[in-house]
Amino acid sequence: MLDIALLPGKYAVCRLAPGSALPPELSGGLSDGDVVTVSWTADGISLICPADRAPEQAVGETAWRCLRVGEPLDLAVSGTLAALVDPLAAARVSVVAFSTYDTDYLLVPAVRLREATAALERAGHRVLG
(Lines give C-alpha, C1' and ligand atoms only; values in the text may rest on other atoms or scores of the structure.)
Protein backbone atom coordinates (compact mmCIF):
# COMPACT_ATOMS: atom_id res chain seq x y z
CA MET A 1 0.00 0.00 0.00
CA LEU A 2 1.21 3.47 -0.88
CA ASP A 3 0.15 6.83 0.46
CA ILE A 4 -0.53 9.16 -2.44
CA ALA A 5 -0.95 12.92 -2.05
CA LEU A 6 -3.26 14.85 -4.35
CA LEU A 7 -1.52 18.13 -5.13
CA PRO A 8 -3.69 21.26 -5.20
CA GLY A 9 -4.77 22.89 -8.43
CA LYS A 10 -4.62 21.81 -12.04
CA TYR A 11 -1.49 20.95 -13.99
CA ALA A 12 -0.47 21.47 -17.59
CA VAL A 13 1.28 19.04 -19.91
CA CYS A 14 2.75 21.12 -22.69
CA ARG A 15 5.44 21.51 -25.33
CA LEU A 16 7.73 24.29 -26.49
CA ALA A 17 9.43 24.34 -29.89
CA PRO A 18 12.96 22.93 -30.24
CA GLY A 19 15.59 25.48 -29.24
CA SER A 20 13.18 27.51 -27.10
CA ALA A 21 14.46 29.06 -23.90
CA LEU A 22 12.90 27.91 -20.67
CA PRO A 23 10.63 30.75 -19.51
CA PRO A 24 12.04 32.36 -16.32
CA GLU A 25 8.71 31.99 -14.49
CA LEU A 26 9.29 28.22 -14.40
CA SER A 27 12.74 28.31 -12.85
CA GLY A 28 11.86 29.14 -9.27
CA GLY A 29 9.42 30.44 -6.73
CA LEU A 30 7.28 27.32 -6.51
CA SER A 31 4.59 27.16 -3.87
CA ASP A 32 4.90 24.43 -1.29
CA GLY A 33 3.98 21.13 -2.93
CA ASP A 34 4.12 22.40 -6.52
CA VAL A 35 6.27 20.55 -9.03
CA VAL A 36 7.72 21.46 -12.42
CA THR A 37 9.49 18.96 -14.65
CA VAL A 38 11.27 19.75 -17.90
CA SER A 39 12.55 17.34 -20.56
CA TRP A 40 14.67 18.51 -23.49
CA THR A 41 14.84 16.48 -26.70
CA ALA A 42 15.67 17.25 -30.32
CA ASP A 43 11.89 17.38 -30.92
CA GLY A 44 11.24 20.12 -28.37
CA ILE A 45 10.86 20.84 -24.68
CA SER A 46 8.19 19.01 -22.71
CA LEU A 47 6.90 20.68 -19.55
CA ILE A 48 4.70 19.63 -16.70
CA CYS A 49 3.81 22.49 -14.38
CA PRO A 50 0.95 24.09 -12.48
CA ALA A 51 -1.56 25.23 -15.12
CA ASP A 52 -1.34 28.85 -14.02
CA ARG A 53 2.42 28.82 -14.78
CA ALA A 54 2.16 27.28 -18.27
CA PRO A 55 3.96 29.48 -20.82
CA GLU A 56 1.64 31.31 -23.22
CA GLN A 57 3.66 30.12 -26.23
CA ALA A 58 3.37 26.46 -25.20
CA VAL A 59 1.06 23.98 -26.90
CA GLY A 60 -0.68 21.55 -24.59
CA GLU A 61 -3.42 20.64 -22.18
CA THR A 62 -4.08 22.29 -18.83
CA ALA A 63 -6.71 20.04 -17.27
CA TRP A 64 -4.67 17.49 -15.33
CA ARG A 65 -4.46 16.70 -11.61
CA CYS A 66 -1.20 15.61 -10.03
CA LEU A 67 -0.73 12.75 -7.57
CA ARG A 68 2.56 12.28 -5.68
CA VAL A 69 3.73 9.12 -3.93
CA GLY A 70 3.94 10.28 -0.33
CA GLU A 71 7.15 8.80 0.93
CA PRO A 72 10.59 8.96 -0.68
CA LEU A 73 11.36 5.86 -2.71
CA ASP A 74 14.57 3.89 -2.87
CA LEU A 75 15.85 3.86 -6.45
CA ALA A 76 16.44 0.11 -6.16
CA VAL A 77 12.76 -0.63 -5.47
CA SER A 78 10.91 -1.94 -8.51
CA GLY A 79 7.23 -2.15 -9.32
CA THR A 80 6.06 1.07 -7.66
CA LEU A 81 4.94 2.75 -10.86
CA ALA A 82 3.29 -0.45 -12.10
CA ALA A 83 1.35 -0.72 -8.81
CA LEU A 84 -0.12 2.71 -9.57
CA VAL A 85 -0.51 2.63 -13.34
CA ASP A 86 -2.00 -0.87 -13.61
CA PRO A 87 -5.20 -0.10 -11.64
CA LEU A 88 -5.61 3.16 -13.57
CA ALA A 89 -5.23 1.33 -16.89
CA ALA A 90 -7.83 -1.22 -15.76
CA ALA A 91 -10.19 1.69 -14.99
CA ARG A 92 -9.39 3.18 -18.43
CA VAL A 93 -7.94 6.37 -16.92
CA SER A 94 -5.19 8.04 -18.96
CA VAL A 95 -1.93 8.63 -17.10
CA VAL A 96 1.17 10.75 -17.58
CA ALA A 97 3.87 9.52 -15.22
CA PHE A 98 7.24 10.97 -14.26
CA SER A 99 9.78 10.39 -11.56
CA THR A 100 12.21 12.48 -9.58
CA TYR A 101 15.16 11.27 -7.54
CA ASP A 102 12.89 10.96 -4.50
CA THR A 103 9.49 9.81 -5.70
CA ASP A 104 7.00 9.19 -8.50
CA TYR A 105 4.22 11.41 -9.83
CA LEU A 106 1.11 10.67 -11.86
CA LEU A 107 -1.05 13.07 -13.78
CA VAL A 108 -4.63 12.07 -14.50
CA PRO A 109 -7.28 14.03 -16.41
CA ALA A 110 -9.09 16.36 -14.01
CA VAL A 111 -12.44 15.11 -15.32
CA ARG A 112 -11.47 11.53 -14.34
CA LEU A 113 -10.00 12.32 -10.89
CA ARG A 114 -12.80 10.65 -8.94
CA GLU A 115 -12.49 7.45 -11.01
CA ALA A 116 -8.69 7.53 -10.68
CA THR A 117 -8.70 7.88 -6.91
CA ALA A 118 -11.36 5.17 -6.57
CA ALA A 119 -9.26 2.78 -8.71
CA LEU A 120 -6.16 3.46 -6.63
CA GLU A 121 -8.07 2.95 -3.38
CA ARG A 122 -9.54 -0.35 -4.66
CA ALA A 123 -5.95 -1.44 -5.34
CA GLY A 124 -5.15 -0.83 -1.66
CA HIS A 125 -3.53 2.60 -1.86
CA ARG A 126 -4.54 5.59 0.24
CA VAL A 127 -5.18 8.93 -1.52
CA LEU A 128 -4.77 11.94 0.73
CA GLY A 129 -5.94 15.45 -0.01
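This is a short talk on the fold, the two helices and a few chosen residues of one protein chain.

Hi everyone, and thanks for coming. Please keep in mind that what you see is a predicted model.

Let me start with the overall layout. The chain has 2 helices and 8 strands. Reading from the N terminus, the order is β-β-β-β-β-α-β-β-α-β. Along the principal axes, the C-alpha atoms fill a box of roughly 40 × 35 × 30 Å. The radius of gyration is 15 Å, and a compact globule of 129 residues would come out near 14 Å, so the chain agrees with that expectation. Buried residues account for 36% of the 129 residues. I also like the contact statistics here: of the contacts between residues at least 6 apart in sequence, 73% join residues at least 24 apart.

Now to the helices. Helix 1 covers residues 80-90, and its buried residues are Thr80, Leu84, Pro87 and Leu88. Looking down the axis, these buried residues fall within an arc of 100 degrees, so they line one face of helix 1. As a reminder, an α-helix has 3.6 residues a turn, so residues three or four places apart point the same way. The face turned away from the buried side carries Asp86 and Ala90, which are exposed. And what lies over the buried residues of helix 1? The cover includes strand 1, strand 5, strand 7 and helix 2. After the helix comes Arg92, with a positive phi near 60 degrees.

Helix 2, residues 113-122, can be read in a similar way. Its buried residues are Leu113, Ala116, Thr117, Ala119 and Leu120. They cover an arc of only 160 degrees around the axis, which puts them on the same side of helix 2. Arg114 and Arg122 are exposed on the other side. The buried residues of helix 2 pack against helix 1, and also against strand 1, strand 5, strand 7 and strand 8. Just after helix 2, Gly124 has a positive phi of about 100 degrees.

That brings us to His125, in the loop between helix 2 and strand 8. Is His125 buried or exposed? Its relative accessibility is 9%, under the 20% cut-off, so His125 counts as buried. A polar atom of the His125 side chain lies 3.1 Å from the backbone nitrogen of Leu2. Setting aside neighbours within four places in sequence, His125 is in contact with Met1, Leu2, Ile4, Ala83, Leu84 and Leu120. Two of those names should sound familiar: Leu84 is one of the buried residues of helix 1, and Leu120 is one of the buried residues of helix 2.

One step along the chain we reach Arg126, and with it the salt bridges. How many are there in the whole structure? The search finds 2. In one of them, Arg126 pairs with Asp3, with the closest N and O atoms 2.8 Å apart. Arg126 is in strand 8 and Asp3 in strand 1, so this pair ties together parts that are 123 residues apart in sequence. Arg126 itself is partly exposed, with a relative accessible area of 40%. The other salt bridge joins Arg112 and Glu115, and there the closest N and O atoms are 2.7 Å apart. Both partners are partly exposed: Arg112 has a relative accessible area of 21%, and Glu115 has 37%.

On to the aromatics. The whole structure has 1 aromatic pair. Phe98 and Tyr105 are stacked, 4.9 Å centre to centre, with 5 degrees between the planes. Phe98 is buried at 10% relative accessibility, and Tyr105 is buried at 9%.

My last stop is Val13, in strand 2, residues 11-16. At 24% relative accessibility, Val13 counts as partly exposed. Which residues does Val13 touch, not counting those up to four places away in sequence? They are Leu47, Ile48, Val59, Gly60, Glu61, Trp64 and Leu107. Ser46 is worth pointing out too: Val13 and Ser46 are 33 residues apart in sequence, yet their C-alpha atoms are 7.5 Å apart in space.

If you take one picture away, let it be the end of the chain: buried His125 touching Leu84 and Leu120, followed by the salt bridge from Arg126 to Asp3. Thanks for listening!

Methods: Residues are numbered from 1 along each chain as its sequence is written. This is a predicted model: local features need pLDDT of at least 70, side-chain atom pairs count only at pLDDT 80 or more; totals for chains, interfaces and linings use all residues. Side-chain values use heavy atoms; hydrogens and water are left out. Helices (H or I, at least four residues) and strands (E, at least two) are DSSP runs, numbered from the N terminus. Buried means under 20% relative accessible area, exposed over 50%, partly exposed in between (1.4 Å probe, protein chains only). A polar contact is a pair of N or O atoms within 3.5 Å; within protein, one must be able to donate a hydrogen and the other to accept it, and residues adjacent in sequence count only if both atoms are side-chain atoms. Contact means heavy atoms within 4.5 Å. A salt bridge is a side-chain nitrogen of Lys or Arg within 4 Å of a carboxyl oxygen of Asp or Glu. The arc is that of the directions from the helix axis to the C-beta atoms. Rings of Phe, Tyr and Trp (its six-membered ring) pair if their centres lie within 6.5 Å; planes under 30 degrees apart count as stacked, over 60 as edge-to-face and the rest as tilted. The radius of gyration is taken over C-alpha atoms; the globule rule is 2.2 Å times the number of residues to the power 0.38.
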